[in-house]
Amino acid sequence: MPTSRDYYDILGVGKTASVSDVKKAYRKLAHKYHPDKGGTAEDEKKFKEVQEAYEVLSDQQKRAAYDQFGKAGAHGAGPGAGPGGAGFGGFNPQDFAGQGFDFGNLGDLFEQMFTGGFGGGGGTRRRGPSRGSDLQMTVTIDFDEAVRGVTKQVSLNRRATCETCGGSGAAKGSKIVTCDRCGGQGQVQVTRRTVLGTMAQVAECPECHGEGKRPEKPCPACAGEGRKQKKETLTVEIPAGIDEGQTIRIQGAGEAGERGAPSGHAYVIVHVKPSKVFERDGTMLGVTVPISFPQATLGDTVEVPTATGKTTLKIPAGTQSGETFTVKGQGMPKLNAAGAGDLKVTVQVAVPQKLTAEEKRLVEELGRKEGPKPKKGFLDKLGL
Ligand SMILES: [Zn+2]
Ligand SMILES: [Zn+2]
């Protein structure tokens, strides 16, 4: 039964303690509480705690799992769960290097924890070679590219189908033989520590991954895995109308599966650089256009920018500064659909800062005659 105390506390080391610090602390405490010294029952209990803590904290993978998931994590991987097997074997920190974060492995991790971890002896599901991991990557595009759609090349490192063996994992001419580890059963007995204590369980055979058979001579190029690390270029078709943070799934473009198992998928997260001209809200684009006082007063037809070019907009006479006009269908293209959103044009009446003598005279004249003057008593109301 795992102790309820924190492993770091038991060994009296910090969370960042090195392996050698962990070892040092363990040796000291194990010596102190060793049953051969004929101590009390309490000492014996402490000795067991120290051993348990050491077992986890001295193992890089178990320690990482403990830090992240607590005790259930560290003990999900029972003895016999070798690399690629049940439990944390499939969790390889190296998978997180390279192209972004790999959700596939996390998915596998949880699946293994819950199907292989606490099955209660009910037998494990028979699984073949494991499916390839999903990959996640990001690509950044310009606003204009989001308007028109674009094709991007993304380079990535992934485990791809081994060309030497075509993914079978077998050396040329090698026979497929019965797995000797499990005698063709695809399952092996393991002793697991669980929250209920130590129990014997049936787990997937780590050698053949539940298939019961394996190549007699593994492919020398991929060590029998059927896949190999490879630098590749992925072509990503980004549709018009894509928005910031949207993800494109490319089926089967993730890592190759083990020995011919299905590939994972690639998930490309698209970052769209903001436009220098438009505000965007989904398919709606907003733009502010300056017009002159005479244009606002008398009305005019002005050119306004659209997502793909420009169009004309009729400004009615008597338009106020800050008024917004809608131009239908000139906004952002709809994603994977026909048509586009609307363009909202907000006009701003520009007040000239430099006037010629003639212009000044005209404005002064306007001020005396037709100019928009505050009504009588308006200033008094404001308390001015
Ligand atoms: Zn191969
Ligand atoms: Zn086997």
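Select the zinc ion (ligand 2) in this predicted model and display its four donor atoms, which subtend angles of 105 to 115° around the metal, so the arrangement is tetrahedral. The coordinating atoms are the SG atoms of Cys179, Cys182, Cys205 and Cys208, at 2.2 to 2.3 Å from the zinc ion (ligand 2), and along the chain these donors follow the spacing C-x2-C-x22-C-x2-C. Within this set, pick out Cys182 and Cys208, a pair that links distant parts of the chain, 26 residues apart: Cys182 lies in the loop between strand E3 (176-178) and strand E4 (187-194), and Cys208 in the loop between strand E5 (197-204) and strand E6 (213-215). Cys182 is buried, with a relative accessible area of 8%, and Cys208 is buried as well, at 0%.

Move next to the zinc ion (ligand 1), where the SG atoms of Cys162, Cys165, Cys219 and Cys222 coordinate the metal at 2.2 to 2.3 Å. The angles among these four donor atoms are 103 to 114°, and the site is tetrahedral, while the sequence spacing of the donor residues reads C-x2-C-x53-C-x2-C. Colouring by accessibility brings up Cys162, which counts as buried at 2% relative accessibility, and Cys165, which counts as buried at 13%.

Finally, select strand E14 (residues 324-327), whose covered face carries Phe325 and Val327 and whose uncovered face carries Thr324 and Thr326. In a regular strand the side chains alternate between the two faces of the sheet. Extending the selection to strand E15 (residues 343-350) shows the antiparallel neighbour that four bridges join to E14, and in E15 the residue to label is Val345, the bridge partner of Phe325.

Methods:
Residues are numbered from 1 along each chain as its sequence is written. Chains are lettered from A and ligands numbered from 1 in the order in which they are written. This is a predicted model: local features need pLDDT of at least 70, side-chain atom pairs count only at pLDDT 80 or more; totals for chains, interfaces and linings use all residues. Side-chain values use heavy atoms; hydrogens and water are left out. Donors are N, O and S atoms within 2.8 Å of the metal (3.2 Å for Na, K and Ca); water is not among the atoms, so sites may look incomplete. Four donors count as tetrahedral if all angles lie between 85 and 135 degrees; four count as square planar and six as octahedral if opposite donors are over 155 degrees apart and all others between 65 and 115; anything else is irregular. Buried means under 20% relative accessible area, exposed over 50%, partly exposed in between (1.4 Å probe, protein chains only). Helices (H or I, at least four residues) and strands (E, at least two) are DSSP runs, numbered from the N terminus. Two strands pair if DSSP finds at least two bridges between them.
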